[in-house]
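Notebook open, structure loaded. I wanted to look up one residue's surroundings, then the core.

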Amino acid sequence: MAVPDELPRKARTGVAGLDDILAGGLTRDRVFLLEGSPGTGKTTVALQFLLEGAAAGETGLYITLSETEEELRDAAATHNWTLGEEISVFELVPPESLLDAAHQQSLLYSSDLELGETTRHLFEAIERVKPMRIVLDSLSEIRLLAQDSLRYRRQILALKHYFARHGATVLLLDDLTTDTMDKTVHSIAHGVIRLEMVTPAYGAERRRLRVLKYRGQAFRGGFHDFAITTGGIRAFPRLIAAEHRKGFTGERLASGIDELDTLLGGGMERGSSSLIIGPAGTGKSLFALQFTVAAVERGERAALFVFDEELGLLFARTRAMGLDLEGLRDRGSLLIEQVDAAEMAPGEFTHRVRACIDHHQIRTVVIDSLNGYQAAMPEEQLLVLHLHELLLYLNRQGVTTFLTIAQHGLIGDMQAPVDVTYLADTVVLLRYFEALGRVRRAISVIKKRAGPHEDTIREYRVTERGIILGPPLEEFQGVLRGVPVYSGQGGPLLQDDPV
């Protein structure tokens, strides 16, 4: 059946995100290969491809050589799909004579007859249904029947020419269970998509896809994470910050704490990223939340992505200091998401952040913390590349971003699990130090690209009234080393009951 002129030039796959990777979808009247080991989601993609066509009024045919029609319909039902009249399922089963040992040939190997019989049944089904979209599942059975590469290549070429005469967009599935080194179909197909599944040492399996080939068409290269959920597959295209640029008005944003704004040279700049770094318990999250609440009070919307802390504990802890995060969430001013690093791929996390910006007009984003983000991506170099693209994208959207990271150790020399200080526009350093028999906390700004900042070190304290900063510790030496030396006459440290 010829494709009507009014149809789009490309057939959409129906997989969220995949059409973006393919620059619109699959070119019509061409043959594409979808390959991957068992369990990677090939059947799900194929069903979504046919369902997308059915929604547009295009007839579809699913030819299955490895599964029964009942198994296929049961798989569709797990996603709450119903294969209606627009989609036909042709279950190609071997004739009964081939299953009966008494009728099997002994002198002539039966694969010659089986291959010809299989091809004839395929052509009959296509002539009967006249589909505009075809799925052939899978090539492994045809490869086994062909027995050698030459016959297999000739068979695939014959199928390709037959499909071309009938004007159908074809998706060939290959489960890579017979000969993974055979690239015959790669050279014949118009495009090749590979699905992969990676099993980490801990946590759920991660799935990713890559477009290996697409003739005459630019596509989004590299690996892209995807997930299989009830309702189908969702792909998360790799973020390329250079493709996203948005104009915004630069301004300096206050935190609501005068001493902190003075330390930062007036506040944080819109469209900048800030890294708050220090050992555990120094209050990194509170400093980020201080700017978040200030943004909400200005009438903006903010998003908080929590990797490490249970939300109930976070709500109770911040409520005791006068920050009603739960109330802000319920009013819609603050979007809060708990992120399970063991269950979410980095590409999916990036997609969630982008969705906040695109659909909720978020102007402030907090990622707490990078330690949890690193757990989702143990490869340090890839983490840095992901963060680089994500921060650059957020900056170009006019979003003010706050990142926290916990260093190893408490006092003295400390190291972060990954060095990302060069990525952030502003770096705020938090430290413990000992003075007069007590463990105290100090804050300093060690980097700010957007303008000048105070180069002093200030003590701060977390109280029921929130964060309180003291005057610069000008009479102490070695505060950042943890054990300072006092050389003054007065008492610059914060008192137990600050005014």
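Started with Glu300: setting aside neighbours within four places in sequence, I find Glu300 in contact (heavy atoms within 4.5 Å) with Arg270, Ala295, Ser333, Arg363 and Thr364. This is a predicted model, where local features need pLDDT of at least 70, side-chain atom pairs count only at pLDDT 80 or more, and totals for chains, interfaces and linings use all residues. Numbering runs from 1 along each chain as its sequence is written, and side-chain values use heavy atoms, with hydrogens and water left out.

Where does Glu300 sit? I placed Glu300 in the loop between helix H10 (284–297) and strand E15 (301–306); helices (H or I, at least four residues) and strands (E, at least two) are DSSP runs numbered from the N terminus. Glu300 counts as buried because its relative accessibility is 13%, and buried means under 20% relative accessible area (1.4 Å probe, protein chains only). The side chains of Glu300 and Arg270 share a polar contact of 2.5 Å. For that term I used a pair of N or O atoms within 3.5 Å, one able to donate a hydrogen and the other to accept it, with residues adjacent in sequence counting only if both atoms are side-chain atoms.

Next, the largest nonpolar core (buried Ala, Val, Leu, Ile, Met, Phe, Trp, Tyr and Cys joined through side-chain atoms within 4.5 Å). Of its 36 residues, Phe305, Phe349, Val365, Ile367, Leu370 and Val420 touch the most other members. H15 gives the most to this core, 7 residues. I also checked Val365: not counting residues up to four places away in sequence, Val365 touches Phe305, Ile357 and Phe402, among others. A second, separate core has 34 residues, including Leu264 and Met321.

Conventions: Buried means under 20% relative accessible area, exposed over 50%, partly exposed in between (1.4 Å probe, protein chains only).
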